[in-house]
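Student: I should like a close look at a single part of this model, with its setting in the chain made clear. Please treat the matter as one connected account.

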Amino acid sequence: MRRTLFFLIPAVVFVVIGVFLGLGLTRDPQVLPSALLDEPVPAFDLAAIEGHDKPGLATSDLKGELMLVNIFASWCLPCQVEHPQITELAEEGIKVQAINYKDKPEDARQWLDALGDPFTRIGADPEGRAGIDWGVYGVPETFVVDADGTIVYKHVGPIQERDLPKLRSVIEGLNG
Amino acid sequence: MAMPTIGLVEMGHFLLLMAFAVAVIQSVVPMIGAARDDSAMLEVAKPAALGQFACLTLAFAVLMQAYIISDFSVANVATNSHSSKPMIYKISGTWGNHEGSLVLWVWILALFGAGVAVLGRNLPDRFKARVLAVQGMIGLGFLAFIVFTSNPFERLDPAPLDGQGLNPILQDPGLAIHPPMLYLGYVGFSTTFSFAIAALLEGRIDPTWARWMRPWTLAAWTFLTLGIALGSWWAYYELGWGGYWFWDPVENASFMPWLAGTALLHSAIVVEKRNTLKSWTILLAILTFSLSLLGTFLVRSGVLTSVHAFATDPERGVFILALLVIAVGGSLLLYAWRAPSLESGGIFSAVSREGSLLLNNLLLATAAATVLLGTLYPLFLDALGGPKISVGPPYFNATFLPLMIPLAIVLPIGVLMAWKRGNLPSALRRALPAVIAMAVIATVIVFLVAPKSAMATFGIAIGVWVIAGSVFELLSRAGFPNMGAARVWNRLCGLPRAAFAMTVAHIGLGVLILGVTVSSTAQVERILTLAEGETVDLAGYDITLASISDVRGPNYVAERATFDVSRGGSEIATLFSERRFFPVERNNTTEAGIDTGLLRDIYLVIGEEVEPGRFNVRLYYNPLAFWIWGGAGLMGIAGLISLADRRHRIGAPQPARSRRPADAQA
């Protein structure tokens, strides 16, 4: 019996590691600790996409009510994936602002024409300068900004169907 | 563009499902056959293993075809390829992503399964059937993973006009073949795992078992060695920082099975020669593959952030974790149940060849454990509510190196020890010529290189010690210094290839130690700005930034710097360093200009233009850098030499053989 216990050691060690691996999975690696969380939105002022009918976006536009800021680009396939969800949120009456990240105006226009434009305002950030200030790791990223212009939540990667409940609860928590 | 392959892609998906079905048969039927001693059921194993290999080969070919013709109606191709990419990267794009790399993974698994089915002629039927069944179970788990969570053949409707491209940093010839090499290595260890499980089920482990397993361990180890070396070489010339090993989680994921596999290779020799250390060897065989699976989990689930991580998806992580728990947990429980009943073999004294191999094993296993701890520590901390951290090189250097130093010091003495009961004074006396050779060579090198620190001197001495000791061991085996040169030569020619393989591998380790020590302690780094035509000194070389020009590649545009390298007025080399911009992926890569020499690398990197006409440059003089990959390459070559030993093919003497047929029918 003592011998069997001795030979059980590897299995026990593995169980401990396995538990931690499991715990690791529950912690979403996409929730990166953003230095901007609970900070006011960075100062920026972006012009409209050339030839597009929506106005540009600046810090002063992000005040007065809760809104989303979506960072997107026409060259980014995951942005295409999340677009129906973004549109759905906009149709529910949530104001969605956008920053068009490192894109060409003609590509961005074409993309918005083809897939629809749910945004209130779109700032063009061709060089990605504002992206740096926002701490963008990779597109798409979506920020929730409250009425005071403070960033309260950040979603990295495409917003998929399964992400909507979490996002809605964040938004409702703030409105309610 | 999508038209010609409608049907073919669905066929690929169907083939994966077929492989899944065959895997079910392969894992279940032979196991029942083994339990009931039903030879008809045992015979299912071989055709099933071959059938699975055939299905997966075709499925993999279909996926590759979709990449070759840029069929963007396949989601996987659209996300990871682009029509303007050179053909080689279209092909390597097949496995440069999550889904495709998994298909490669199971394909290699099936390749090894088919290999055992065809080449394992000397294995008893029941044992072989069990090995193939375990192989089938692993395949089953991973095929389920692919079919249920990661279908590479998913269609995209409507198909985009062009793809998203492949991460430019991955568009490199070295990286095109690096993953397949690495997978051949760590998936190859599935065979040792299957051999261990089959042996536990049979309840019998003897020297014959170790001999059967040896070629498979060697093959996997060789591929893994070469794969890791390639990856590190790629990091060296592609990342542009002059470094070659970063203790990144993904590097560690391949290094841990390597350390465990190296220990296994050594402990299996003890089982083969002395019929002892059996339960330890079984455990190592299980752990080596478990670490490969853990590596797959870490890379695929994205629990650790890493520069190498492709995509992160918690759902997939849960699936792989489940696979890991079943495979590793299950096998370790089986081990706890069956291993205590294994008869222990001959006893030996601490001072003996077995004793030194055991020490080698303890050091390598501890090293693997420290790497594991360092890799998972951020995860532990995060799970316990601590901050998000990453464990860097200081930890690994502080824990890993102190374990490698005694390993290297003991190696040349250990190989001179006798089996069973060695004699330390006599082994030391026999090592005396090696000690003298080391002292002489080390003094000469210390004089020539003039290392700046005690650490460097120490590292050089150890490297030379390992090389001198290995050469001396080979010579002494041939009768040196007691016999004449002609007889020694004759006897040397008559030695088995495995003996040469051991020497070459150990020399490789010595070369690697020298490369790592000298390149890290005597590196010269200069970071400055240069204008066209300016010359600076780098460790005695004159480096001139000759010109800056714009060049256009197949799918990138680049700013190319031309450097002239000369010494004492004579031209040595013209090097090009580029900053490439990939418009499709909107990403930059840096290509270093490297002049590789036997004794030193000149490594030049162009940076950004800081003010009009002036550029940031990073210049490195890396002495003995080539020795790092040369040493690793020697180890890989040693593996190939040992595989070519004819004793593996003819199976040599097999005392147990006569009993086997009766066993299988009993």
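Student: Within what distance do the axes of α3(B) and helix α7 (residues 125-149) of chain B come, and at roughly what angle do they cross?

Tutor: The model is a predicted one, and the answer should be read in that light. The axes of α3(B) and α7(B) approach to within 9 Å, and the angle at which they cross is roughly 35°. The crossing of α3(B) past α7(B) is left-handed.

On the side of α3(B), the residues that make the contact are B:Ala45, B:Lys46, B:Ala48, B:Ala49 and B:Gln52. Helix α7(B) contributes B:Lys128, B:Ala129, B:Leu132, B:Ala133, B:Gln135, B:Gly136 and B:Gly139. By character, the residues of this contact comprise six nonpolar, four polar and two charged.

As to α3(B) itself, the helix covers residues 45-68 of chain B. From its first C-alpha to its last, α3(B) reaches 34 Å over 24 residues, which is close to the 34 Å expected at 1.5 Å a residue. After the helix comes B:Ser70, with a positive phi near 50°. Helix α16 (residues 454-477) of chain B may be set beside this description: it has 24 residues and a reach of 34 Å from first C-alpha to last, close to the expected 34 Å. Just after α16(B), B:Gly479 has a positive phi of about 110°.

The setting is a chain with 21 helices and nine strands. The C-alpha trace of chain B spans about 85 × 75 × 55 Å along its principal axes. Its radius of gyration is 27 Å, which agrees with the value near 26 Å for a compact globule, because chain B has 666 residues.

Confidence remains to be considered. The mean pLDDT of chain B is 86, and 91% of its residues score at least 70. Within chain B, confidence is highest in α3(B), at a mean of 96, and lowest in helix α21 (residues 660-665), at 37. Over residues 650-666 of chain B the pLDDT is below 50, and this stretch has ten contacts in the model beyond near neighbours in sequence. Residues 1-5 of chain B also stay under 50, with nine contacts beyond four places in sequence. Where pLDDT is low, predicted coordinates should not be read in detail. For the complex, the predictor gives an ipTM of 0.82 and a pTM of 0.82.

Notes
Residues numbered from 1 in each chain as written. Chains lettered and ligands numbered in written order. Predicted model: local features only at pLDDT ≥ 70, side-chain atom pairs only at ≥ 80, totals over all residues. pLDDT = per-residue confidence, 0-100. Helix = DSSP H or I, 4+ residues; strand = E, 2+ residues; numbered from the N terminus. Contact = placed C-beta atoms within 7 Å. Axes fitted to C-alpha atoms, helices over the stretch in contact; angles between N-to-C directions. Left-handed = near helix turned anticlockwise from the far one by under 90°. Nonpolar A, V, L, I, M, F, W, Y, C, P; charged D, E, K, R; others polar. Expected span 1.5 Å × (residues − 1). Rg over C-alpha atoms; globule rule 2.2 N^0.38 Å.
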